Amino acid sequence: MSAERRLLLFMLLTSLVLMGHLLLNQWLAPPQPPVPDVAQQAGTEKKSEPIAEPAVDTVPQSQDQAQAGSEGPVAGGPTAAESTEKPKPTRWVTLGSYAAESPYRLLAVFTTQGAALERLELVERTASGRLRFRSLEDPQGGYLGYLALQDESSGGCRIHVVPPGTPAARAEPTSPDDPVGLQVGDLLLRVGAVEVQHRADVARALLETHPGDRIEVLVRRGDQQVRYTVQLAEQPLVLISPESPGQLGPGPNPPSLRCLLGVPEAIRKAVPDLLSDSSLAEGQWEVAAETENSVTFQLASAGGKWQFRKTFFLTKPSQEDLGYHIDVELELENRSSSKQSVAVQWEGPNGLPTEGWWYSTKVHHSFFGVAGARDLIWSTNRGQQLKSATEIHRQLTGQEPRRPVFTPQRPDDTTPLRFVGVDTQYFAAVFSHPEAPAGERLVASELVPLAWGDLRALPKDRLKLTNVSFRLGMPVQQLEPGQKHRERLRLFAGPKDPEVLRHYALEDVIYYGWFPWVAKPLSAVLHLFYLVVRNYGLAIVLLTVVVRGAMFPLGRKAARNAAIMQELAPELKRIGEKYKNDPQKRIQAQQELYRKYNFNPFSGCLLMFIQLPIFVGLYRCLAVDIHLRQAPLIPGISWCSNLAGPDQLWRWPLPEFLAGETAWLGPYLNVLPIITIVLFLWQQKMFTPPPTDEQQRVQQQMMTFMMIFIGIMFFKVPSGLCIYFIASSLWSVGERLLLPKPTPGEMAARAAKVQAKDDPAKRRASLLRTLKTKRR
């Protein structure tokens, strides 16, 4: 078969494989038809409900009832409030501050609806006063502050909260008679030059601004209009949010850390008197107490038979506490005259950031698994485990059977947990025991995946964006009359920094892949280099040099083998032409040639397997290191300003199927991947001997084609990894160029050495010399 036919056959087979892959995807995961949005068609804001394993014996209320403060009856137990009670307005409370001088690292906004966490921002500062973790979403605009805006029917947006330290709280009034800062209850009428009718107008106005800009804000306070001048700030990283457009107010998804009462149906019959009530998650609580670092909510049941108190604690950073957590305590008091059974179920955090989802290098724990932008993670005595966003999406949309992570078969079935939460590329929000560093474990009875939003309307190429959460069921408790029961959890919400996670006993949250014993030491060396050069780009180069230098003997032998193979290429070509029609004799002649020069062509493969753990460990070390996020290659310029993402030289105007976020090329022209592929091709050409026949020539053409194809697939690889690839390739090229070619005399010496070993007389003489040496 001619070379052209072989190449044509290869391209045909490649096309068939690609078509087969697409057809298989369509068969295994057909696109789901979108569900009509009745609420939006009616002109109202739709409130999403979770899709989850129907394991709790409760009847959830509608969000409209909850917003109005009406708690309807719940099957299976008493309710938490009278249905005739007057509706209570929602109130928002904050802990922490955005101010640069604030000691807090978190800014939390809580809502009385469900006594829950609505928004959590990372506001930690560097020594220069800038935010340590900034939002990397594009576009961003200036930051005004989260105001819990709600549209008014007459126009404008009502302000329900003004977090301390935000630009909104420091707004300067035009008149000296007005107080500093926007006030709760103000009606927002204009932001800059944009008249405000809806929240979307505020988001649009802020998108046209930049941090540091000064804009005018007009509000109505009572019967008067008040003007303010606001200096906008940098957007902080939002760790938990309701995912509202523009992040300015409550969104379609519920707040986080809600709780309800109930147990799985499997053990319902074993505890017939169990209290079941979902109104704790949807009803209006009252603010019972506020301090600088805590807020307590309170809810009384119908007839006064039960009292619920829920307290959130925010800690200042210190030597004992790093300040990346919120403790939450729920107190239940049985005020009835009889014994009661109760089991609490907690809803986990939701709405975590999805930044970098289109270029993320996050990996699944299983070989064939695909990690999402937000995944469910947990750790038991069997180690850390992960259920990806795509897996949860398939289960909750009926494409796969729904399975809880674990569920009890008897009332006393429990599972100890080190942690459980939602994981992203560089941040995590996880539950753990408040005394986890001392070895304490959460004792849970059930863990069920949740996902908020309209899952069937989510495009197939964006399934990894599924808003993942979970429900954590606690063991059944028996309460005597007058007895109280308290449950306390710790929510860690912060960066996946090894030092930070070690403080919270959460080291396993970072997954290093197959070779953690390689990746962890290399990560420590990388940070040591950074302390010296103060630039992570240079630190990566130095780390690559150290690793390649340590493997220099193996690399030199591989380069030497490649050089010898190129010297033998003419003789191999002659053998191929001589035995063109006799493959068996051709192979035999090639083996004789290798034996003549004591050369094993497959020894390079062994070297590659020895180096594999080191290369993979170095790759994973760079892929999970949060310090590369926001780290610039060249300080002061926007190009390659985030080593954890593509270098993003230019946003090119290409069609969506080529330059979309889910396309192979991505929305940006990236320079570093192009340099990487050019070096790969150069390295391949240097290490590959000239073809000895048409078959080898076609194979080398295929390898070049595959290298370009791989370059397209990895065009969105983070720039930090590209720097590693470039430095490693340059080392290999330099190793090959500096290694002298084997001379004819050296090749003759290798052949003579082999011949001496095969000559019986010379072998006996060598043995006699060895014996005489030993006798002496």
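## Thr390 and helix α6

Leaving aside neighbours within four places in sequence, Thr390 is in contact with Val370, Leu463 and Lys464. The model in which these contacts are found is a predicted one. Thr390 belongs to helix α6, which spans residues 389-396. Its relative accessibility is 14%, and because the limit for a buried residue is under 20%, Thr390 counts as buried.

Thr390 shares this state with other residues of the helix: Ala389, Ile392, His393, Gln395 and Leu396 in α6 are buried as well. With six of its eight residues buried, α6 is mostly covered. After the helix comes Gly398, which has a positive phi near 85°.

## The protein as a whole

The protein has 776 residues, and 49% of them count as buried. Its secondary structure comes to 18 helices and 31 strands. Where contacts join residues at least 6 apart in sequence, 69% of them link residues at least 24 apart.

## Nonpolar cores

The largest nonpolar core has 107 residues. Within this core, the residues that touch the most other members are Phe110, Phe308, Trp346, Val420, Phe431 and Leu472. Apart from it there is another core of 23 residues, which includes Leu147, Cys157, Val202 and Val217.

Which residues surround Leu472, when neighbours within four places in sequence are left aside? Leu472 is in contact with Val344, Gln345, Trp346, Leu417, Val420, Phe431, Leu442, Ala444, Glu446 and Leu447. Trp346, Val420 and Phe431, listed here as contacts of Leu472, also appear among the core residues that touch the most other members.

## Helix α4 and the strands around it

Helix α4 covers residues 199-207, and its buried residues are Arg199, Asp201, Val202, Ala203, Ala205 and Leu206. One of them, Val202, is also a member of the 23-residue core. The buried residues of α4 pack against five strands named here in order: β5 (150-151), β6 (157-158), β8 (187-191), β9 (194-195) and β10 (214-221).

Glu152 is located in the loop between β5 and β6. At 27% relative accessibility, Glu152 counts as partly exposed. Beyond its neighbours within four places in sequence, Glu152 is in contact with Arg158 and Leu187. Glu152 and His198 are 46 residues apart in sequence, and their C-alpha atoms are 7.9 Å apart in space.

## Two residues with positive phi

Ala148 has a phi near 50°, a positive value in a residue other than glycine. Ala148 sits in the loop between β4 (116-122) and β5. Is Ala148 buried or exposed? Ala148 is buried, with a relative accessible area of 0%.

Leu257 is not a glycine either, and its phi is positive at about 65°. The loop that holds Leu257 runs between β12 (237-240) and β13 (259-261). Leu257 has a relative accessibility of 1% and therefore counts as buried.

## Packing of α8 and α9

Two packed helices are described by the angle between their axes and the distance between the axes. Helix α8 (residues 516-533) packs with helix α9 (residues 536-550) at an angle of about 130°, and the axes are 8 Å apart. That angle makes α8 oblique to α9. The crossing of α8 and α9 is right-handed.

On the α8 side, the residues that meet α9 are Leu522, Val525, Leu526, His527, Phe529, Tyr530 and Val533. On the α9 side, their partners are Tyr536, Leu538, Ala539, Ile540, Leu542, Leu543, Val546 and Val547. By class, the contact of α8 with α9 is made up of 14 nonpolar residues and one polar residue, with no charged residues.

## Ile708 in helix α15

Ile708 is part of helix α15, which spans residues 694-713. The relative accessibility of Ile708 is 43%, so Ile708 counts as partly exposed. Ile708 and Ile677 are 31 residues apart along the chain, and a distance of 7.1 Å separates their C-alpha atoms.

Methods: Residues numbered from 1 in each chain as written. Predicted model: local features only at pLDDT ≥ 70, side-chain atom pairs only at ≥ 80, totals over all residues. Heavy atoms only, no water. Axes fitted to C-alpha atoms, helices over the stretch in contact; angles between N-to-C directions. Helix = DSSP H or I, 4+ residues; strand = E, 2+ residues; numbered from the N terminus. Parallel < 35°, antiparallel > 145°, perpendicular 65-115°, else oblique. Left-handed = near helix turned anticlockwise from the far one by under 90°. Contact = heavy atoms within 4.5 Å. Nonpolar A, V, L, I, M, F, W, Y, C, P; charged D, E, K, R; others polar. Core = buried A, V, L, I, M, F, W, Y, C linked by side-chain atoms within 4.5 Å. Buried < 20%, exposed > 50% of the residue type's maximum accessible area, 1.4 Å probe, protein only.
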